[in-house]
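Good morning, and thank you for joining this short presentation. Please take a moment to look at the structure on the screen before we go through it together.

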Amino acid sequence: MTVLALPQIVSTPDTLHGAPRIDGHRIAVADIAVRCVHQGRTVEDVAEAYQISPSKVHAALAYYWDHREEIDAELEAEQGIAEEIRAREGSRLPSRLPRR
């Protein structure tokens, strides 16, 4: 296990493909950043949703702000892959919804 800049944030190659995460959890720093920074949720809301302490959310956000360009680039790449799959395969959801 590699301990990153903050002791509560770790990266292991066999967990979340090595993405930085909160130690002891499978909660990626990027997931915290999306909810707090991009969706505008509060630290308290995110801590409650994940059942972790606010200090762990703050640690994830501190790591995010120190590595913002890298994490945002990864998020954009994931979004691009998702859009490519949707364009190629379309949505299967309408065929699963009951007709009215």
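I begin with helix 4 (residues 68–89), which gives the most to the negative patch, with three residues. Helices here are DSSP runs of H or I with at least four residues, strands are runs of E with at least two, and both are numbered from the N terminus. This is a predicted model, in which local features need pLDDT of at least 70 and side-chain atom pairs count only at pLDDT 80 or more, while totals for chains, interfaces and linings use all residues. Residues are numbered from 1 along each chain as its sequence is written, and side-chain values use heavy atoms, with hydrogens and water left out.

Let me stay with the patch. Its members are Asp31, Glu70, Glu74 and Glu78, which form a negative surface patch. A patch is made of residues with over 30% relative accessible area and no salt bridge; like charges are joined within 9 Å, and nonpolar side chains (Val, Leu, Ile, Met, Phe, Trp, Tyr) within 5 Å. Asp and Glu count as negative and Lys and Arg as positive, while His and the chain ends are not counted. The place of a charge is taken as CG of Asp, CD of Glu, NZ of Lys or CZ of Arg. Accessible areas come from the Shrake-Rupley method with a 1.4 Å probe, and for residues only the protein chains shown count as cover.

One of the patch members, Glu70, is found in helix 4. Is Glu70 buried or exposed, or does it fall in between? Glu70 is partly exposed, because its relative accessible area is 44%; buried means under 20%, exposed over 50%, and partly exposed in between.

The wider layout comes next. The chain has five helices and three strands, and along the sequence they follow the pattern β-β-β-α-α-α-α-α. The chain has 100 residues, of which 28% count as buried.

I turn now to the salt bridges. Side chains of opposite charge can pair when their charged atoms come close. The rule used here asks for a side-chain nitrogen of Lys or Arg within 4 Å of a carboxyl oxygen of Asp or Glu. By this rule there are three salt bridges.

In one of them, the side chains of Asp72 and Arg68 meet at 3.4 Å, N to O. These two residues are separated by about one helical turn, because they lie four residues apart in helix 4. Asp72 is buried, with a relative accessible area of 16%, whereas Arg68 is partly exposed at 38%.

Another salt bridge joins Arg88 and Glu84, at 3.5 Å, N to O. Arg88 and Glu84 are also four residues apart in helix 4, so about one helical turn separates them. Both of these residues are exposed.

Which residue forms a salt bridge with Arg88 at 3.7 Å between the closest N and O atoms? That residue is Glu89. Salt bridges that share partners thus join Glu84, Arg88 and Glu89 into one network. Within it, Glu89 counts as partly exposed because its relative accessibility is 43%, and Arg88 counts as exposed because its value is 55%.

The aromatic residues deserve a brief word. A pair of aromatic rings is described by the distance of the centres and the angle of the planes. Rings of Phe, Tyr and Trp (its six-membered ring) pair if their centres lie within 6.5 Å; planes under 30 degrees apart count as stacked, over 60 as edge-to-face and the rest as tilted. The count by this rule is one aromatic pair. Tyr64 and Trp65 form that pair, edge-to-face, with 5.1 Å centre to centre and 65 degrees between the planes. Tyr64 is buried, because its relative accessibility is 0%, while Trp65 is partly exposed at 46%.

Let us move to the backbone. Most residues other than glycine have a negative phi. Leu16, however, has a positive phi of about 55 degrees, and phi of His17 is positive as well, near 55 degrees. Leu16 is found in the loop between strand 2 (9–11) and strand 3 (21–22), and His17 is placed in the loop between strand 2 and strand 3. Leu16 is partly exposed, with a relative accessible area of 24%, whereas His17 is exposed at 82%.

I close with Val46, which lies in helix 2 (residues 43–50). Val46 is buried, because its relative accessible area is 2%. Val46 and Arg35 are 11 residues apart in sequence, and their C-alpha atoms are 7.1 Å apart in space.

Definitions and conventions
Buried < 20%, exposed > 50% of the residue type's maximum accessible area, 1.4 Å probe, protein only.
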